[in-house]
Amino acid sequence: MSFRLAAAACGAAIGIALAFDAALAADLSAAATPVAPPVQSAPVPRVDQHADELLNKTCEALGSADAFSFHAEIMFDKVLPHAVKVQYAAEMNFALQRPDELVVDYHSDLGGKQLWYQGGTLTIFDEPHLMYASMKVASSIDAMLDQVEQTEHLTLPLSNLAYSDPCLRIRKQIIYGGYVGVNDVNGVECDHVAFSSSNIDLQLWLDRSGKPVPRKMVINYRTEPGSPEYIAVLSDWKFPKEIADSHFRAELPKDAKRIEFLKVKETQP
C-alpha cells in the first residue's frame, strides 16, 4: 500500500534520492554430462580501505548528531525525447532534530515543495499551486523515510543523510570504492572518494578540516537512458544541540487548499 497526492500538480517528485539496486550474475556451464549449474555468488566488493574509513567517519558524524542543518545548491539532468539531455537547477535548506523532526525547503526550475515532519505527522506543501496534504506516519525519522520510500511520486532529496546510519544502504550495494585525492570545493579542502554499484556511480567530497561532512556529491545514473547526473554542493553545515520545535512546524498560507493522500494498491510484479 502506498500513498499519492490527489492532484496532478502534486505528482512530481521534490528531488532525487540516493538509491542502489542489487545485481546478481547468473552463469550456466555446458558439459557433456548434464550437471547442476554452479552457484554464482555476487561480486566481491573491492573497496579501498582509506575510502571506506572516510565514508564511515562521515556516516558516524551525521548519524550520531542530535540535530544538523545545511544548504544545498543542486543541478540535475532530465533526458527528453530523442535523447536530448537538459540540466535544471535547484536549491534546498534541510534540517533535522532527532528523533522525529525534519524540514525540507526545496525550490527548483521545475517548481517548489516544502515538507515538514514533526511528531508523526508529515505535511507537504506545493507552493506554486497553493496545495498541501498531511498524513500520519511513523514516529521516527528512519521509519518515516522507509515509509515515504514506498510512496508513489514522492522522493525526498538527499534523504539518505537523515538516517541514523546514512551508509547502511550504500554499504550493501557497493562493488567498488576508491580514494581519488585531496580536491577543493568552494575553497574547502576535501577528501575525494568514488564508489559504484551495479547501476550508479557516486562521488563524494568530504571535509577534511572539520567535521567530515559531505561538501559535494555527484551521482551518475549510468544505466538510465542518457546517463543523467545529479550534483549537489552542500554548505552552511550547522550542528546545534537542539533546534527550536517551531522550525519544524508547518507554516501554510491561509488560502492554501488541502487535498488528501489517496491509498493506491501497488502493482504486483
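Modeller: Let's start with three words for surface cover: a residue is buried under 20% relative accessible area, exposed over 50% and partly exposed in between, using a 1.4 Å probe and protein chains only. This is a predicted model, in which local features need pLDDT of at least 70 and side-chain atom pairs count only at pLDDT 80 or more, while totals for chains, interfaces and linings use all residues. Residues are numbered from 1 along each chain as its sequence is written, and side-chain values use heavy atoms, with hydrogens and water left out.

Colleague: Thanks! Then why is Asp146 called partly exposed?

Modeller: Its relative accessible area is 35%, which falls in between the limits of 20% and 50%, so the middle word applies. Arg169, at 27%, is called partly exposed too.

Colleague: What makes Asp146 and Arg169 a salt bridge?

Modeller: The term asks for a side-chain nitrogen of Lys or Arg within 4 Å of a carboxyl oxygen of Asp or Glu. Here the closest N and O atoms are 2.5 Å apart, so the pair qualifies. Asp146 and Arg169 also share a network of salt bridges with Glu149, and the structure holds ten salt bridges.

Colleague: Which parts of the chain does the pair of Asp146 and Arg169 tie together?

Modeller: Asp146 lies in helix α2 (residues 141-149) and Arg169 in helix α3 (residues 168-173), so parts 23 residues apart in sequence are tied together. Helices here are DSSP runs of H or I with at least four residues, strands are runs of E with at least two, and both are numbered from the N terminus.

Colleague: And how do you know that Asp126 and Lys113 meet in a salt bridge?

Modeller: Their N to O distance is 3.3 Å, which lies inside the limit for a salt bridge, so this pair counts. Asp126 sits in strand β7 (residues 121-126) and Lys113 in strand β6 (residues 111-118), 13 residues apart. Asp126 also lies 6.4 Å from Gly112, C-alpha to C-alpha, although 14 residues separate them in sequence.

Colleague: Are Asp126 and Lys113 buried or exposed?

Modeller: Asp126 has a relative accessible area of 2%, so the word is buried. Lys113, at 9%, is buried as well.

Colleague: Let's turn to the rings. Why is the pair of Phe68 and Trp237 called tilted?

Modeller: A pair of aromatic rings is described by the distance of the centres and the angle of the planes. Rings of Phe, Tyr and Trp (its six-membered ring) pair if their centres lie within 6.5 Å; planes under 30 degrees apart are stacked, over 60 edge-to-face, and the rest tilted. The rings of Phe68 and Trp237 have centres 5.7 Å apart and planes at 45°, so the pair is tilted. Phe68 belongs to strand β3 (residues 67-80) and Trp237 to strand β13 (residues 229-238), so this contact ties together parts 169 residues apart in sequence.

Colleague: What makes Phe70 and Trp237 a tilted pair?

Modeller: Their centres are 4.6 Å apart and their planes stand at 35°, so tilted is again the right word. This pair links Phe70 in strand β3 to Trp237 in strand β13, 167 residues apart. The relative accessible area is 0% for Phe68, 3% for Phe70 and 13% for Trp237, and each of these values counts as buried.

Colleague: Which residues do the ring pairs link into a cluster?

Modeller: Phe68, Phe70, Phe94, Trp237 and Phe239. The whole structure holds seven aromatic pairs.

Colleague: How do you know that the charged end of Lys211 sits over the ring of Phe239?

Modeller: The rule needs NZ of Lys or CZ of Arg within 6 Å of the ring centre and within 35 degrees of the ring normal. The charged end of Lys211 is 4.8 Å from the centre of the Phe239 ring. Lys216 likewise lies over the face of Trp205, at 4.6 Å from the ring centre.

Colleague: Finally, what makes β10 and β11 paired strands?

Modeller: Two strands pair if DSSP finds at least two bridges between them. Seven bridges join strand β10 (residues 188-196) to β11, and the two run antiparallel, so the requirement is met. One of the bridges has Ser196 facing its partner Asp201 in β11. Six bridges join β11 to strand β12 (residues 214-220), also antiparallel. Strand β11 (residues 201-207) is mostly covered, with five of its seven residues buried.
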